[in-house]
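Grab a coffee and work through these exercises with the model open beside you. Try each task on your own before reading its solution.

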Amino acid sequence: FSTLSSPLIQLAHKSHDKEYEAGVNIFGTSSGVAGWSDGNFTSSSVGVGNAGPDEYYLNGRGHNVCSTRDPVLSKSECESFIMEAQKAISTRKAVKVEVDPSRKDWEVTNSDLGEARLSGLPPDILNHLRGILDDKLYPMLESRFAVHNLTVYDGLILGSIAPSQSQPVHRDASLLTINIPLSDSAGYTGGGTYIEGFHEHDNPVVIERGHALCHASGVMHAGNAIQTGERWVLVLFCIAQDEPQIARRCHAGGLAAFHDDGDVDRAFQYFEAGLSVAPSDHLLHMGASRVHLARGEISASFKSLNAAANLYPLCQQANVALGDALMAKKRPRAALRRFDSALEAIGDRDLLDGAWMPLKALAWRTRVSAATCTLLCAEAEVEKITEDRGWSRSRLPEAIGRLSTALGPCPDNGYIQSMRARALELLRIAE
Ligand SMILES: O=C(O)CCC(=O)C(=O)O
Ligand SMILES: [Fe+2]
């Protein structure tokens, strides 16, 4: 490691050791008990290579997202966790304690009932949870991911009341995550957990009360909004003694330096340190691209975005950002290639019933941006009196189609309508 990055890596090791020790004190540690087999789970994959920088540690299984066929918590256990969380939240509100600062990047909405950190719950509840971890949950993770010496470093009980907003797509600050809905699914509509990469349905995974969903914390995911009712969920963040998660910690350090301290250079050191151990982590490349952009290093920023786009094809944000940057540099043809490839990867999945809202939003604006590029190129072609207008003839119909699709959810949008009218006119001229 470079001399620049090694102190940050040492820092990450220290945080890991501290967290592991604290976790073991409260939540115990896994002891290699058996008891689970494949038949106890249904599982799906986000695709090898899409489960974050610690996937390599999970023995070729990190890409799997598993849910139990039977409950791991009884109805009354679920109810008592909700009650304890409500008590903790109301006490905290009474004494005006700040919301957990490590979660400040979450969009906390007015509709949120709040969240209770497990480590703050009364000892008898923690003891009960520790028993459940020993009997069921640690063995479950060991059996699914073939890892050992696990502990919960902390967890949350989250409550939301309709109408709530979806969380941003994120990774958790841990190695493995267990997610257990505490509310009966009949008590809300919407909800569930969106898992990026479940292309076959793209809808959030909704499991029954008391069942457990477990996944590598590096899988990109988000709690989904509810439209009616109330939803409580228990989330357990687990780490392993001998996996310090340097890349994940460096990424968090970089974001904190960038956003909280405005210290661009320190942020870059963190991202570089992370990349020195996880060169193919798309989020670290995204982080580096933001630093480059902030420093005005445009071509370095392009390079990082390009790396991110290639390394993580499940999300088209990097591709779209590249397109935007190329448009800003007045290179509409190059930008169009980016938007084309993003739209090809999205493949109209955003138009399916119940599609994830952020995907709909990204696809919508990508279609409009792509059409804008096509129009710019076609206008340029029209101005050149002598030139053949083959490009316009071949590309304008697609742009018109994209604008028509974009008009779907907002048929009265005058801006899109006028673009579409101009595209039709340019096509007539080209023919
Ligand atoms: O609400 C859910 O199902 C997911 C919650 C989650 O991902 C989190 O709180 O980190
Ligand atoms: Fe999460």
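**Exercise 1: Two odd backbones in loops**

Asparagine 149 is partly exposed, with 17 other C-beta atoms within 10 Å. Keep in mind that this is a predicted model.

Task: work out where asparagine 149 lies and what stands out about its phi.

Solution.
- Start with the burial class: 20 or more neighbours would make a residue buried and 12 or fewer exposed, so a count of 17 puts asparagine 149 in the partly exposed class.
- Next, place it in the chain: asparagine 149 sits in the loop between helix 3 (123–145) and strand 4.
- Now check the backbone: phi of asparagine 149 is positive, about 55°, although the residue is not a glycine.
- Why flag that? Most residues other than glycine have a negative phi.

Task: do the same for aspartate 348, and decide whether it is buried or exposed.

Solution.
- Aspartate 348 is found in the loop between helix 9 and helix 10.
- Its phi is near 65°, again a positive value in a residue other than glycine.
- Aspartate 348 has 11 C-beta neighbours inside 10 Å, so it counts as exposed.

**Exercise 2: A peptide bond to look up**

Task: find which residues a cis peptide bond joins, and say where the proline lies.

Solution.
- Look at omega: it is about -10° for the bond between alanine 162 and proline 163, which is cis.
- Most peptide bonds are trans.
- Proline 163 belongs to the loop between strand 4 and strand 5.

**Exercise 3: Aspartate 172 and ligand 1**

Task: describe the surroundings of aspartate 172, starting with whether it is buried or exposed.

Solution.
- Aspartate 172 has 21 other C-beta atoms within 10 Å, so it is buried.
- In the chain, aspartate 172 is in the loop between strand 4 (150–161) and strand 5 (176–181).
- Skip the neighbours within four places in sequence, and aspartate 172 still touches Thr177, Ser217 and Phe237.
- Aspartate 172 is also part of the shell around ligand 1, together with Leu156, Leu158, Asn179, Thr193, His221, Gly223, Val233 and Val235.
- Strand 4, strand 9 (221–223) and strand 10 (226–240) each give two or more residues to that shell.
- By type, the shell splits into four nonpolar, four polar and one charged residue.

**Exercise 4: Helix 9 against helix 10**

Task: describe how helix 9 (residues 332–346) and helix 10 (residues 357–383) pack.

Solution.
- Two packed helices are described by the angle between their axes and the distance between the axes.
- Here the axes come within 9 Å and cross at roughly 145°.
- The crossing of helix 9 with helix 10 is left-handed.
- On the helix 9 side the contact includes Leu336, Phe339 and Leu343, and on the helix 10 side it includes Ala370, Cys373 and Leu376.
- The residues of this contact divide into 12 nonpolar, three polar and three charged.

**Exercise 5: The whole chain**

Task: how many helices and strands does the protein chain have, and how compact is it?

Solution.
- Count the elements: there are 12 helices and 10 strands.
- The radius of gyration is 24 Å, close to the 22 Å that the globule rule gives for 431 residues, so the chain is as compact as a globular protein of that length.
- Along the principal axes, the C-alpha atoms fill a box of roughly 80 × 55 × 45 Å.
- Of the 431 residues, 45% are buried.
- Among contacts with a separation of 6 or more, 77% come from residues 24 or more positions apart.

Notes: Residues numbered from 1 in each chain as written. Chains lettered and ligands numbered in written order. Predicted model: local features only at pLDDT ≥ 70, side-chain atom pairs only at ≥ 80, totals over all residues. Helix = DSSP H or I, 4+ residues; strand = E, 2+ residues; numbered from the N terminus. Contact = placed C-beta atoms within 7 Å. Rg over C-alpha atoms; globule rule 2.2 N^0.38 Å. Near = placed C-beta within 6 Å. Nonpolar A, V, L, I, M, F, W, Y, C, P; charged D, E, K, R; others polar. Axes fitted to C-alpha atoms, helices over the stretch in contact; angles between N-to-C directions. Left-handed = near helix turned anticlockwise from the far one by under 90°.
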